[in-house]
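Hello,

Here is the structure I said I would pass on. My notes on the fold follow below it.

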Amino acid sequence: MIFVTVGSQKFPFDRLLSRVDQMAGEGAVAEEVFMQTGCSGYIPRHCRYRPFCHQEQFAALMEQCAVLITHGGAGTMIDAIRRGKKIIAVPRLARYGEHVDDHQMELTQRFHEMGLVCACPDTARLPEALAAVRSLGSGEYPSNTEAFIASVEEFIRSI
């Protein structure tokens with residue numbers, strides 16, 4: 001299953017939803033697609049959807065999906081990375097009225113450079129991104145927790 005989430009921002013993300021729905025309608029996506037559409041005005045015709053999901057339902061969809069297609073929100077991407085998901089990150093862009101600035105472009109590009117997501121700012125390239133992400137292994141979130149705990153323990157011992 002492919003899970004598409006656009007987050008809970010007050011801005012629409014019709015550009016992403018319409019492209020994935022079109023791909024599903026054309027048969028470019030063989031498996032089931034579930035969309036969390038948020039505040040978008042686009043109504044999918046070929047995919048199951050809900051505007052918003054309860055926390056438990058969202059977690060279940062995240063666990064079930066083979067591929068996550070998401071907006072460039074840090075929280076969603078990090079959650080998916082921690083779960084070992086294959087991720088296509090499509091940043092919301094200010095020029096389309098999807099956000100107030102282009103910080104999601106910067107964030108998705110950095111995560112892409114780290115090999116954690118497949119950044120896809122141009123929705124016309126989603127079919128290529130989907131093929132590419134399927135061939136990749138899942139990334140690993142570089143947590144600093146263990147190093148932090150070790151430094152705190154060392155400090156405490158030195159007191």
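Helix α2 (residues 55-64) lies across β1, β2, β3 and β4, and its direction makes an angle of about 135° with β1. Please keep in mind that this is a predicted model. Another helix, α1 (residues 14-26), lies across β1 (2-5), β2 (33-36) and β4. Relative to β2, helix α1 runs at about 165°.

The strands under these helices belong to an open sheet of 6 strands with parallel pairing, in the order β3-β2-β1-β4-β5-β6. At its edges are β3 (48-50) and β6, each of which pairs on one side only. As general background, the strands of a sheet pair through backbone hydrogen bonds, either parallel or antiparallel.

I looked at the β4-β5-β6 part in more detail. Strand β4 (residues 67-70) and strand β5 (residues 86-89) run parallel and are joined by 4 bridges. Within this pairing, L68 stands opposite I87 of β5, and I69 has I88 in β5 as its bridge partner. What do β4 and β5 make together with helix α3? With α3 (residues 74-82), the two strands form a β-α-β unit, and the unit is right-handed.

On to the next pair: β5 also pairs with strand β6 (residues 118-119), again in the parallel sense, over 2 bridges. Here A89 is opposite A119 of β6. To get from β5 to β6 the chain passes through helix α4 (residues 103-113), in a β-α-β crossover that is right-handed.

Regards

Terms used. Residues numbered from 1 in each chain as written. Predicted model: local features only at pLDDT ≥ 70, side-chain atom pairs only at ≥ 80, totals over all residues. Heavy atoms only, no water. Pairing = 2+ DSSP bridges. Right-handed = clockwise from strand over helix to strand, strands pointing away. Contact = heavy atoms within 4.5 Å. Axes fitted to C-alpha atoms, helices over the stretch in contact; angles between N-to-C directions.
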